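Student: I keep running into words like "contact" and "buried". Can we go through them with an example?

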Amino acid sequence: MSMHVFQLFINGHSLNSIEAVDTLLKICRENLKGNYQLEIIDIQKDPDKAEEAGIIAIPTLIRMEPAPVNRIIGALNVRSRVLAGLGISSMHK
Amino acid sequence: MNLQKLETGNASFDHISHGGLPLGRTTLVAGSSGSAKTLFGAQFLALGIQLFDQPGVFVTFEEQVDDIRKHLRSFHWDIDTWEQEGKWIFVDAAPKEEIIIAVGDFDLSAFRIRLERAIMKCKAQRVVIDSIGSIFTQFHEEEHSIRRELIQVALTLSRLGATSIITAERLEEYGKITRFGVEEFLTDNVVILRNVLHNEKRRRTIEILKFRGSDHEKGENPFTINPEKAIVIIPLSAMILKHTSSNERVTSGIPALDKMIDGGFYKGSINLVSGAIGAGKTLLVANFINGIRENKERCLLMAFEESNEQLYRNASGWGIDFKELEDLGLLKVICVYPEISSLEDHFINIQEIVKTFKPDRIAIDSLSALSRTSSDKGFREFIIAFTAYLKHEEITGLFTSNTPLLAGGTSDTEGNISPITDSIILLRYVEMSGEMQRSIAVLKMRGSKHDSSIRKFTISDEGANIGKHFEGISGILTGNPMLIKLE
């Protein structure tokens with residue numbers, strides 16, 4: 001299984017941000033078995049990165065690898081949809 | 001109490017808005033696609049930098065930043081330097097190539113933070129967000145969250161105190177203000193741009209729908225996009241009917257005609273010559289031009305039917321030397337096809353020439369040719385704006401118009417213009433005993449008495465000759481002349 005590289009943009013401790021971080025960490029642990037890199041970027045602390053990536057909505061998850069790059073916005077609270085969006089089969093469990 | 005305004009720098013807009021956009025507030029600029037919303041916003045920022053050294057932030061939700069830069073350069077706005085100097089900052093929120101899906105709740109706090117940073121960074125006094133509707137299409141499933149979030153954006157803008165423009169799409173030219181009902185939370189100030197197709201012709205207009213707590217001109221005003229000055233509005237509603245009317249007379253160039261109108265045209269008056277083809281309209285124009293010799297006046301001739309060579313040859317056929325007048329710097333002849341640009345552009349073009357050449361007289365040959373380029377309504381507006389302009393500048397005008405019928409009759413052009421002219425001269429053919437004779441008559445002469453007879457008019461090598469009146473003949477103007485036996 002190939003390496004997954006993620007960037008997750010959050011805004012401090014907003015409700016949606018906390019929920020997104022939790023869900024994503026769970027997916028990484030349970031479905032990717034450690035085979036991932038995750039960078040969590042707080043736009044309050046690092047606005048330049050948000051500028052560079054053209055982030056509008058919070059939270060925004062960017063899957064950098066494997067290609068193609070895609071984005072999921074929102075609190076990621078429907079796990080099956082997040083998995084489908086990231087192209088991860090739940091078979092990897 | 002009147003709201004404070006921020007001068008935009010677009011003189012014509014500042015004129016119809018009585019001073020510019022509401023200071024420190026957000027104005028919604030709504031328009032259908034292709035109605036120049038983006039340009040309106042960009043011009044607001046560009047003029048702010050150029051004229052007042054006020055930095056600006058441009059947020060794009062729709063067009064890619066590079067495309068906007070290219071577009072701006074085409075108006076000679078030095079966007080690259082402004083960006084380097086930090087006077088113009090783009091916030092790129094345009095759609096990306098990547099696929100975006102939404103899972104769960106989100107907010108636009110990232111956008112708000114980026115916007116606020118950009119405004120603080122360059123101390124922006126002007127902000128443009130173009131166009132708010134595209135954010136609904138970017139996140140189409142989440143219309144309610146977007147609506148809630150945009151209210152936050154509007155609040156951020158008002159907290160920061162920048163004067164801003166938010167553009168929004170509309171689907172119909174006359175209908176709902178915007179497509180996604182943005183006006184529900186951006187209600188205070190609304191400007192509508194229209195680009196209406198009517199009878200195969202495009203007509204652009206701008207309307208200030210409301211400026212809460214402030215006055216402005218009402219109704220639609222035509223505008224054009226000029227390659228040098230971007231959006232230029234022709235302010236119809238804001239024209240004042242207050243011209244100084246002069247008692248001074250200027251010669252028509254034909255002594256006998258001067259006598260018919262009691263001493264010549266009034267200075268600064270608008271005069272119309274109406275006639276069928278070949279009835280002698282251009283001859284009257286040539287004489288009107290030649291009349292500048294006496295007092296060394298200057299005259300501008302806008303010819304929409306003939307070329308320079310034709311005009312010079314015809315004039316010299318009547319003993320009038322255009323070339324010499326031109327060499328003396330008294331005459332300027334502009335020959336163009338009316339179709340090369342829109343009426344609004346012609347208007348702006350003429351204004352530019354008037355500014356540099358400063359003529360005392362203007363002749364237009366013919367208005368009918370010019371009227372081909374626009375809708376009836378557009379033409380009427382042009383005439384009103386143009387005559388008001390000439391009167392304001394105290395320029396004496398002579399316009400010609402064609403009548404479709406050889407004898408008798410009037411034309412649509414005349415219907416539009418005759419109420420605002422100061423005098424009307426009719427040139428009509430008279431068919432008498434197997435011969436086409438020409439006639440001349442003064443139909444009206446505002447503020448002066450005039451000859452009421454219909455006179456014979458002949459054209460020879462020496463030019464125009466006005467003879468005796470047609471005695472004992474009636475029905476010339478209706479096209480059915482009849483000899484009446486005098487008792």
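Tutor: Sure, contact comes first: two residues are in contact if their C-beta atoms, placed from the backbone, lie within 7 Å. By that rule, nine residues of domain 1 of chain B are in contact with eight residues of domain 2 of chain B.
Tutor: A word on the source: this is a predicted model, where local features need pLDDT of at least 70, side-chain atom pairs count only at pLDDT 80 or more, and totals for chains, interfaces and linings use all residues. Residues are numbered from 1 along each chain as its sequence is written, while chains are lettered from A and ligands numbered from 1 in the order in which they are written.

Student: What makes domain 1 and domain 2 of chain B domains?

Tutor: Their bounds come from an automatic or database domain assignment, which gives 5-233 for domain 1 of chain B and 249-483 for domain 2. Their C-alpha centres are 45 Å apart.

Student: How do you know that the radius of gyration of chain A agrees with a compact globule?

Tutor: The radius is taken over C-alpha atoms, and the globule rule is 2.2 Å times the number of residues to the power 0.38. For 93 residues a compact globule would come out near 12 Å, and chain A has 13 Å, so the two agree.

Student: What share of chain A counts as buried?

Tutor: Buried means 20 or more other C-beta atoms within 10 Å of a residue's own (12 or fewer is exposed, in between is partly exposed), with C-beta atoms placed from the backbone. Of the 93 residues of chain A, 34% count as buried.
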